[in-house]
Amino acid sequence: MAKITYIEHGGKEHTVNVANGLTVMEGARDNNIPGIEADCGGACACSTCHVYVHPDWVEKLPAKDDMEEDMLDFAFEPDAARSRLTCQVKVTDALDGLIVQMPEKQI
């Protein structure tokens, strides 16, 4: 289990425990955290679960695969270093303390 902090665009923080094996997107969905829409349900077929990873965590996450890189092209104001699709980040104990911030909007 990992404690993950989701920060809404306006600054409101939500810190929740997310079970190992789920994705960061599923953690947001299961805890009713606004700002992550996940229209495709986690199939990496949209960009509506886009977040900016806190700079301290960028290098600690697994690398993006080609499909995630391609879908991030459709995200709202992607950041080459910090943008991730939360449906592609699996929760493990190593993610305890992860901080992600939602963009102004999801597209």
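The following conversation asks how several labels are justified in this predicted model.

Visitor: Why is W57 called buried, although W57 is placed in a loop?

Guide: W57 does sit in the loop between strand 3 and helix 2, but the label rests on accessibility alone, and buried means under 20% relative accessible area. The value for W57 is 9%, and therefore W57 counts as buried.

Visitor: Which residues does W57 touch, leaving aside those up to four places away in sequence?

Guide: With those set aside, the contacts of W57 are A94, L95, D96, G97, L98 and I99. A further relation links W57 with R82, since the two are 25 residues apart in sequence and their C-alpha atoms are 8.8 Å apart in space.

Visitor: What makes N32 exposed, and where is N32 found?

Guide: N32 belongs to the loop between helix 1 and strand 3, and exposed means over 50% relative accessible area. Because N32 has 68% relative accessibility, N32 counts as exposed. The backbone of N32 also deserves a remark, as its phi is near 55°, a positive value in a residue other than glycine.

Visitor: Why does E77 count as exposed?

Guide: The cut-off is again over 50%, and E77, with 53% relative accessibility, therefore counts as exposed. E77 lies in the loop between helix 2 and strand 4, and its phi, near 45°, is positive in a residue other than glycine.

Visitor: How do you know that strand 1 and strand 2 pair, and in which sense?

Guide: Pairing requires at least two bridges between the strands, and strand 1 (residues 2–7) and strand 2 are joined over six bridges in the antiparallel sense, so the two count as paired. One of the partnerships is that of I4 with V16 in strand 2. Five residues lie between the strands of this hairpin, where G11 takes a positive phi near 110°.

Visitor: What makes the side chains of strand 2 alternate?

Guide: Along residues 13–18, H14, V16 and V18 point to one face and are buried, whereas E13, T15 and N17 point to the other face and are not buried. In strand 3, by contrast, both faces are covered, with H50 and Y52 buried on one side and V51 and V53 buried on the other.

Visitor: How do you know that strand 3 pairs with strand 5?

Guide: The requirement is at least two bridges, and strand 3 and strand 5 (residues 99–101) have two, in the antiparallel sense, so they count as paired. Among the partnerships here, Y52 has Q101 in strand 5 as its bridge partner. Strand 3 also pairs in the antiparallel sense with strand 4, over three bridges, and V51 stands opposite R84 in strand 4.

Visitor: Which residues have the most contacts inside the largest nonpolar core?

Guide: That core has 28 residues, and those with the most contacts inside it are I4, Y6, V24, I36, L85, L95 and L98. Two or more residues of this core come from each of strand 1, strand 2, helix 1 (24–30), strand 3 and helix 2 (66–72). I36 touches, among others beyond four places in sequence, Y6, M25, A28, V51 and M102.

Visitor: What lines the largest cavity, and how much space lies in it?

Guide: About 30 Å³ of space lies in the largest cavity, and its lining consists of V24, V51, V53, L61, R84, L85, T86, V89, L98 and V100. These residues divide into eight nonpolar, one polar and one charged. Arg counts as charged, so R84 is the charged residue in this lining.

Technical notes. Residues numbered from 1 in each chain as written. Predicted model: local features only at pLDDT ≥ 70, side-chain atom pairs only at ≥ 80, totals over all residues. Heavy atoms only, no water. 1 Å grid on protein atoms, 1.4 Å probe; cavity = no way out; pocket = protein on both sides within 12 Å on 5 of 7 lines; lining within 4 Å. Points joined across faces, edges and corners; volume = space filled by probe spheres on them. Buried < 20%, exposed > 50% of the residue type's maximum accessible area, 1.4 Å probe, protein only. Helix = DSSP H or I, 4+ residues; strand = E, 2+ residues; numbered from the N terminus. Core = buried A, V, L, I, M, F, W, Y, C linked by side-chain atoms within 4.5 Å. Contact = heavy atoms within 4.5 Å.
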